[in-house]
Amino acid sequence: MAEKKVTKIGVLTSGGDAPGMNAAIRAVVRTGIYNGMEVYGILRGYSGMIDGDIFKMESKSVANIIQRGGTILKTARCKEFFTYEGREKAYSNLKKLGINGLVIIGGDGSFRGAQIFSNEFDIPCIGLPGTIDKDIAGTDFTIGFDTAVNTAVEAIDKVRDTADAHDRLFIIEVMGRDSGYIALHSGIATGAENILIPERRTDIEDIINALAEKQGRKKLVNIIVVAEGEEFGATELSKIMTERMPEQEIRVCILGHIQRGGAPTCFDRLIASRMGYAAVECLMEGRFNVFVGIVNNRMHYIPLDEAVKKKQKIGEDWMKIVKILSS
Ligand code: ADP
């Protein structure tokens, strides 16, 4: 499979940042150097590749970062990379330095860019799923998801205390423009009454009836978790529900960017380390243009072009769990 030996690799983080990206960078750098490769850091995702913001990394360049959120390489969304001219510029910068392999840590958009780039130019690309949304099919986990969910859980628990004290209903919005996974996991873990996600139609009538029924039997109801991409959004939902249930005090809490930052959990550091190590192995073994996933605790290698075609789905069984456990 391998056409030529990969000796110099570039590593970059692209798209939305996610806690654990630093642990992945560290693993790529140290595994590469251990195997006799030169490793180059590329700043601000594909923008740095186009601008030539590329520097050689040593083992000590990644000291003391495993516990830090964000990304030491910075990240960006890069319009120019959507054009052939932009990608050609990026390629010529890599060529000048002799870089002949790339590791891209990012979400499905970054993988799409990597897939197009690897089809056009002779630089093999390996993707590492770095996204808090867990919206990439073919892997059980993505780097950053566990940290984001734990942050959301901690915040929702705190809101619940005050909701409980005042008998208020809180509609809490968590991140997830296209994906309901943060809402689903944090909602189940905090015992939310209902969880509303972009993947499912929201039936307001249903929500109100269920609340009325529970209140009728004196069940305390105080948390609804909503993903930001859900069809109404927390603010609109609260307006509609207040009109329909004027006796119920309803508040909205939007968690926002606190879910992106912070020290990665042990779990995220671990999967990022394993995935970073596996990415370098892929380049050494000629397993090119794949992304590294973990399925049933084993490494999986999924062709980049498959990754960009599929979306992670949320099965009906999840929704059944939500309904039964909140009854
Ligand atoms: P994420 O990787 O978090 O999903 P984006 O969707 O914003 O984030 O993608 C990150 C970057 O990847 C984009 O800003 C762009 O530079 C590159 N990219 C995404 N889609 C494409 C594409 N179809 N062609 C070329 N580059 C792309």
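**Exercise 1. Composition of the ligand shell**

Task: Determine how the residues of the shell around the ligand divide into nonpolar, polar and charged.

Solution: In this predicted model, the shell around the ligand divides into five nonpolar, seven polar and four charged residues. Glycine is counted among the polar residues in this division. The shell can next be assigned to secondary structure: helix α4, residues 108-120, supplies its largest share, six residues.

**Exercise 2. Contacts of the ligand**

Task: Identify which residues come nearest to the ligand, and state which atoms of R77, C78 and G107 lie close to its oxygen atoms.

Solution: Begin with the list of neighbours. There are 16 residues around the ligand, and those that come nearest are R77, C78, G107, G109 and S110.

Then take three of these residues in turn, with 3.5 Å as the cut-off for a polar contact.

- R77 uses its side chain: an N or O atom there is 2.6 Å from an oxygen atom of the ligand.
- C78 uses its backbone, of which an N or O atom lies 2.7 Å from a ligand oxygen.
- G107 also offers a polar backbone atom, at 3.0 Å from an oxygen atom of the ligand.

Finally, consider the cover of the ligand. On its own the ligand has 560 Å² of accessible area, and the protein covers 84% of this. The space that the ligand takes is the largest pocket.

**Exercise 3. An aromatic pair**

Task: Classify the geometry of the pair formed by the rings of F141 and F267, and locate both residues in the chain.

Solution: The structure contains eight aromatic pairs, one of them formed by F141 and F267. The ring centres of F141 and F267 are 4.7 Å apart, and the planes meet at 75°. Planes over 60 degrees apart count as edge-to-face; therefore the pair of F141 and F267 is edge-to-face.

As to location, F141 belongs to the loop between β5 (125-129) and α5 (145-166), whereas F267 is part of helix α9 (residues 266-285). The two residues are 126 residues apart, and the pair thus links distant parts of the chain.

**Exercise 4. Positive phi angles**

Task: State the phi values of D167 and N289 and where these residues are found.

Solution: D167 is not a glycine, yet its phi is positive, near 55°. The loop between α5 and β6 (169-174) holds D167. N289, likewise not a glycine, has a positive phi of about 55°. The position of N289 is in the loop between α9 and β10 (290-295).

Conventions. Residues numbered from 1 in each chain as written. Predicted model: local features only at pLDDT ≥ 70, side-chain atom pairs only at ≥ 80, totals over all residues. Heavy atoms only, no water. Near = heavy atom within 4 Å. Polar contact = N/O pair within 3.5 Å; in protein donor to acceptor, adjacent residues only side chain to side chain. Areas by Shrake-Rupley, 256 points an atom, 1.4 Å probe, with all protein chains shown as cover. 1 Å grid on protein atoms, 1.4 Å probe; cavity = no way out; pocket = protein on both sides within 12 Å on 5 of 7 lines; lining within 4 Å. Sits in = over half its atoms within 2 Å of the grid points. Helix = DSSP H or I, 4+ residues; strand = E, 2+ residues; numbered from the N terminus. Phe/Tyr/Trp six-rings, centres within 6.5 Å; stacked < 30°, edge-to-face > 60°.
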